[in-house]
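Trainee: Please take one part of this model and look at it closely with me, and then set that part within the rest of the chain. I would like one connected account that I can follow with the structure open beside me.

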Amino acid sequence: ALPARVRIHEVGPRDGLQNEKTAVPTGVKAEFVRRLAAAGLSTVEATSFVHPKWVPQLADAEELFPLVNGLPVRLPVLVPNERGLDRALALGAREVAVFASATESFARANLNRTVDEALAMFEPVVIRAVEAGLKVRGYLSMCFGDPWEGAVPVERTVRVTKALADMGCDELSLGDTIGVATPGHVQALLTALNGAGVPTSRLAVHFHDTYGQALSNTLAALRHGVTTVDASAGGLGGCPYAKSATGNLATEDLVWMLDGLGIETGVDLAALTATSVWMAEQLGRPSPSRTVRALSHK
Ligand code: HMG
Ligand code: MG
């Protein structure tokens, strides 16, 4: 059985833009968030309060967040540590996300920490955020494969996911950072997480489309009962600290499939596609999304 409704967690302004080589003006980012909200996306991940030298493209978080904060949508932001949480709280953020890794190589590359040191860094962040009444998401990267370590054993991903769940994260987003997962692996991980006491209702999936598997993997997750799916408008994105990571599952490709299945999302596909076409013009290259290309070549 498939769910009647799916919540799309739009990551375009954050995951989509964090890897852009040339600086995107803050006003363009704000317009991007506004247009995504207007297209019916109820959750738009706005930016990251990370070290500006690590992710220069999002160094304008302080300028951007106030420009979008009044919008009637959920606006989660990434915070790696207490310094990031302080910055987000100072601007009135209501929702934050920490981001762990299932593998040591990526924890080192992305956070300059071991897996356990990173978890220790997140603990006070999650505790303080929950105390402040914020919603807290925990991302897990490299849940299926890692560019340095190869295939990632399910037990390894389960251990780190469980640690974030026990810490108090409301939602756990399972990241296939480099897009190597296939549906059987997705099914196996979800089943193992349930077996470890993490219910499907707390899980979201976050697929990158490197090998063209993102939609198949999403369908496997929906069949398992997952109802929160991360996607990036126009298929923008990639992680600067993961070799071979390409764009996320394109939100348009996801909405095309969900519309076809009769699954409600609240998203207006025409308005969303127009937004991605506009954003592609700003970035000076066409969107990689098949659905954006099909719908805009008429
Ligand atoms: P570090 O160099 O170990 O930092 O970086 P530190 O804790 O040693 O601090 C060094 C200096 O940085 C200090 O300043 C801190 O105040 C400052 P100093 O005292 O020397 O003057 N600092 C900060 N400044 C501003 N904001 C902050 C902050 N924190 C420290 N938040 C750190 C550690 C975690 C900060 C760094 O590694 C970092 O910022 N990493 C972020 C990497 C990132 O954003 N990656 C992309 C997001 S993850 C992703 O894309 C995957 C995902 O999409 C899911 C998937 O696909 O798998 C979510
Ligand atoms: Mg990602």
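Mentor: Two strands are taken as paired if DSSP finds at least two bridges between them, and with that cut-off in hand we can look at strand 5, bearing in mind throughout that this is a predicted model. Strand 4 (residues 77–78) and strand 5 pair in the parallel sense over two bridges, and one place to find this pairing on the screen is Leu78, whose bridge partner in strand 5 is Ala97. Strand 5 itself runs over residues 95–101 and is mostly covered, with six of its seven residues buried.

Stepping back from that pair, you will find strands 4 and 5 side by side in an open sheet of nine strands, ordered 2-1-11-10-9-6-5-4-3 with parallel pairing. Strand 2 (43–44) and strand 3 (47–48) stand at the edges of this sheet, and because each has a single partner strand, one side of each is left without a neighbour in the sheet. At the strand 2 end, two bridges join strand 2 to strand 1 in the parallel sense, and His9 has Thr43 of strand 2 as its bridge partner.

The residues of strands 4 and 5 also lead into the interior. The largest nonpolar core has 91 residues, and those with the most contacts inside it are Val77, Val79, Val96, Ala100 and Leu140; the largest share of this core, seven residues, is supplied by helix 6 (residues 115–131). In soluble globular proteins, nonpolar side chains tend to be buried together. If you centre the view on Val77 and set aside residues up to four places away in sequence, Val77 touches Ala46, Thr47, Ser48, Phe49, Phe65, Ala88, Ala93 and Val96.

Strand 6 (135–141), the neighbour of strand 5 on its other side in the strand order, brings us to the ligand, since strand 6, helix 4 (82–90) and helix 5 (104–111) each supply at least two residues of the shell around ligand 1. That shell holds 25 residues, the closest of which are Val50, Gly84, Ser141, Gly175 and Thr177, and by character it divides into 11 nonpolar, 12 polar and two charged residues.

A second covered element deserves a look for its place in the fold: helix 10 (residues 251–260) has seven of its 10 residues buried, so it is largely enclosed by the rest of the structure. Among the buried ones are Leu254, Val255, Trp256 and Leu258, together with the charged Glu252 and Asp253. These buried residues pack against strand 1 (7–10), helix 9 (214–224), strand 11 (228–231), helix 11 (269–283) and helix 12 (290–296), and just after the helix Gly262 takes a positive phi of about 75°. Pro66, in helix 3 (residues 61–68), offers a contrast, because with 11 C-beta neighbours inside 10 Å it counts as exposed.

For the chain as a whole, the secondary structure comes to 12 helices and 11 strands, and buried residues make up 51% of the 298 residues. Of the contacts with a separation of 6 or more, 72% are between residues 24 or more positions apart. A compact globule of 298 residues would have a radius of gyration near 19 Å, and the 17 Å of this chain agrees with that, while the C-alpha trace spans about 50 × 45 × 35 Å along its principal axes.

Methods. Residues are numbered from 1 along each chain as its sequence is written. Chains are lettered from A and ligands numbered from 1 in the order in which they are written. This is a predicted model: local features need pLDDT of at least 70, side-chain atom pairs count only at pLDDT 80 or more; totals for chains, interfaces and linings use all residues. A nonpolar core is a set of buried Ala, Val, Leu, Ile, Met, Phe, Trp, Tyr and Cys residues joined through C-beta atoms within 7 Å. A residue is buried if 20 or more other C-beta atoms lie within 10 Å of its own, exposed if 12 or fewer, and partly exposed in between; C-beta atoms are placed from the backbone. Helices (H or I, at least four residues) and strands (E, at least two) are DSSP runs, numbered from the N terminus. Two residues are in contact if their C-beta atoms, placed from the backbone, lie within 7 Å. The radius of gyration is taken over C-alpha atoms; the globule rule is 2.2 Å times the number of residues to the power 0.38. A residue is near a molecule or strand if its C-beta atom, placed from the backbone, lies within 6 Å of it.
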